Amino acid sequence: MRFFIKTYGCQMNVNDSEKIRHILETRGIQDCPDETGADIVVINSCAVREKAQDKIYSYIGRLSGSQKIIVAGCVAQAEKEAILARSPAVDFILGTHQYSRIESVVDLLVNGQKRDVWAGFSREWMELCPDARSRSSTVSGYISIMEGCNNFCSYCIVPFTRGREKYRPFEKIVEEAEYLSDSGYREIILLGQNVNNWRDPDSPKTFPRLLATLAEKTRVRWIRFITSYPGYFDDELIDVMSDQTKIARHIHFPAQSGSTRVLKKMNRSYSRRDYIGIINRFKQRIPEMKFSSDFIVGFPGESDYDFQLTMSLLKRVEYESVFSFMYSPRRYAKSSLRDDDVPRGEKKSRLNRLQKDQEAIQLKNNRNLIGKVVEVLVTQQNPKKTGEMIGRTESHRVVNFKSKALAGELLQILIKSAGPHSLRGVSPDDWFRSQSS
């Protein structure tokens, strides 16, 4: 048999797919490069936005009738009955806490099992460290350290798709980080819905202590973490990041809105002033710290003044990048009970304005690097341009350059030009050679 995994959504979904791949490959089932040659197709789904959910149904419709189709992930957890009703081709529904049972699901399907759903939540951490062969990258290694959310932001369905917060033991996280480091990975990325709220279930250790330990015990170049919740930041974390240079000077720090009034409606536990205060404390201790963010526009009750507060936050922080979305009601989320009173045309206009201003900020930031030498981690070959490589800076900027370097190498790159979404550079030695010839 051969299998193919189609992954939608966040980095945690990518890591879950790595774990599914590890289980199936250990069983002796061969990974397939695309769905056309696969006997089993696993769709690891995302439900965070309506558009992402619609893509999954569209993809199911394109699959052949001879394949066994397993829908896993967040849509499987939240919309299990709807999937069965809407997509007769689907053979099995596997919820977010059930991927460890994928081998049993395959056995059942091979033996003629009729359609079924496994979607129960578990309070126990399912311990599995995928081997390097099963991972999506040989350069950046994901490590899930916690899952779920207790915050119940009014627009969000994560508590209903991932359950309540549960935390992976400290020793197991360190063990996986050391494995990745020993396997040649150059950066590790800690994952969790509220990653900075991690705490060891067996001791008083909290997230800053974990970061400090990983910095001391691994040989990676950078340690990153996604996604941070602003309500959980404290000065101990800032102290650790200031002391440990392995921790990347870049944080994904979702604001969602620049208006305290809207944040309160969203059930976010911080104000605009709190958020800006954290940014300021970081920059006082670590002046080179950079931030990225998420924003929702058109939340119920958002006025034009509220939106202008978001725009002013955008300009004040000058984010490296931003993920921005129009609000859409999600089943189970408390905000779906409110009147969705911002017209779609106004939502689209606000989103366009935000994205246009953010693009200008990114262009300005990137142009400021022209003529400077930056450290770049080579991540992959450019799939569209022969002889070119793609890398990322410490602040996660994309850099394109001609090179024979291999993925995983760290290079000093001289930036020659910049656009809003990427930089272009050359190695300083190549540039000097070209000038002298």
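Here are some notes on this predicted model, point by point.

1. Start with the barrel. Five strands close up in the order E15-E16-E17-E19-E18, and their pairing is mixed. Neighbouring strands in this sheet are turned by 55° against each other on average, if you ignore direction. As background, strands of a sheet pair through backbone hydrogen bonds, either parallel or antiparallel.

2. Next, look at where E15 meets E18. Strand E15 covers residues 373-381 and strand E18 covers residues 410-418; the two run antiparallel and are joined by five bridges. Two pairs are handy for finding your way: Leu 377 stands opposite Leu 410 in E18, and Glu 375 stands opposite Gln 412 in E18.

3. On to E18 and E19. These two strands form a hairpin, with four residues between them. They run antiparallel and share four bridges. One pair to pick out is Leu 414 with its bridge partner in E19, Val 426.

4. Leu 414 deserves a stop of its own. This residue sits in strand E18. Is Leu 414 buried or exposed? Leu 414 counts as buried because its relative accessible area is 11%, and the cut-off for buried is under 20%. Leaving out residues up to four places away in sequence, Leu 414 touches Gly 371, Lys 372, Val 373, Arg 424, Gly 425, Val 426, Pro 428 and Trp 431. For a sense of distance, take Arg 331, which is 83 residues from Leu 414 along the chain: their C-alpha atoms are separated by 49 Å.

5. Now the open sheet. Three strands lie in the order E12-E13-E14, with parallel pairing. Strand E12 (250-252) and E14 are at the edges and have a single partner strand each, so one side of each is left without a neighbour in the sheet. Here neighbouring strands are turned by 10° against each other on average, direction ignored.

6. Staying with that sheet, E13 and E14 pair in the parallel sense over six bridges. Asp 294 has Phe 323 in E14 as its bridge partner. Helix H12 packs on the sheet and touches both E13 and E14, and its direction makes about 165° with that of E13.

7. Helix H13 is worth tracing from end to end. H13 takes in residues 344-367, 24 residues, and reaches 34 Å from its first C-alpha to its last, close to the 34 Å expected at 1.5 Å a residue. Its buried residues are Lys 347, Arg 350, Leu 351, Leu 354, Gln 358, Ile 361, Gln 362, Asn 365 and Asn 366. What covers them? The cover includes strand E13 (290-297), helix H12 (304-317), strand E14 (321-326), E18 and strand E19 (423-426). Elements from both sheets described above turn up in that list, among them E13 and E18.

8. Helix H5 (residues 102-110) has Ile 102, Val 105, Val 106 and Leu 109 as its buried residues. Why do they lie on the same side of H5? They cover an arc of only 100° around the axis, which puts them on the same side of the helix. The general rule helps here: an α-helix has 3.6 residues a turn, so residues three or four places apart point the same way. The buried residues of H5 pack against helix H1 (11-27), strand E3 (40-45), strand E4 (68-72), strand E5 (92-94) and strand E6 (116-118). After H5 comes Gly 112, which has a positive phi, near 90°.

9. Asp 16 lies in helix H1. This residue is classed as buried because its relative accessible area is 7%. Setting aside neighbours within four places in sequence, Asp 16 is in contact with Asn 44, Tyr 99 and Arg 162.

10. Last, the nonpolar cores. The largest has 65 residues, and those with the most contacts inside it are Ile 145, Leu 190, Phe 207, Leu 210, Phe 282 and Tyr 319. Helix H8 (residues 207-217) gives the most to this core, six residues. A second, separate core of 24 residues includes Phe 4, Cys 46, Ile 56 and Ile 93. Back in the largest core, follow Leu 210: apart from its neighbours within four places in sequence, Leu 210 is in contact with Ile 145, Phe 170, Ile 173, Val 174, Leu 190 and Trp 198.

Definitions and conventions
Residues numbered from 1 in each chain as written. Predicted model: local features only at pLDDT ≥ 70, side-chain atom pairs only at ≥ 80, totals over all residues. Heavy atoms only, no water. Pairing = 2+ DSSP bridges. Axes fitted to C-alpha atoms, helices over the stretch in contact; angles between N-to-C directions. Buried < 20%, exposed > 50% of the residue type's maximum accessible area, 1.4 Å probe, protein only. Contact = heavy atoms within 4.5 Å. Arc of directions from axis to C-beta. Expected span 1.5 Å × (residues − 1). Core = buried A, V, L, I, M, F, W, Y, C linked by side-chain atoms within 4.5 Å.
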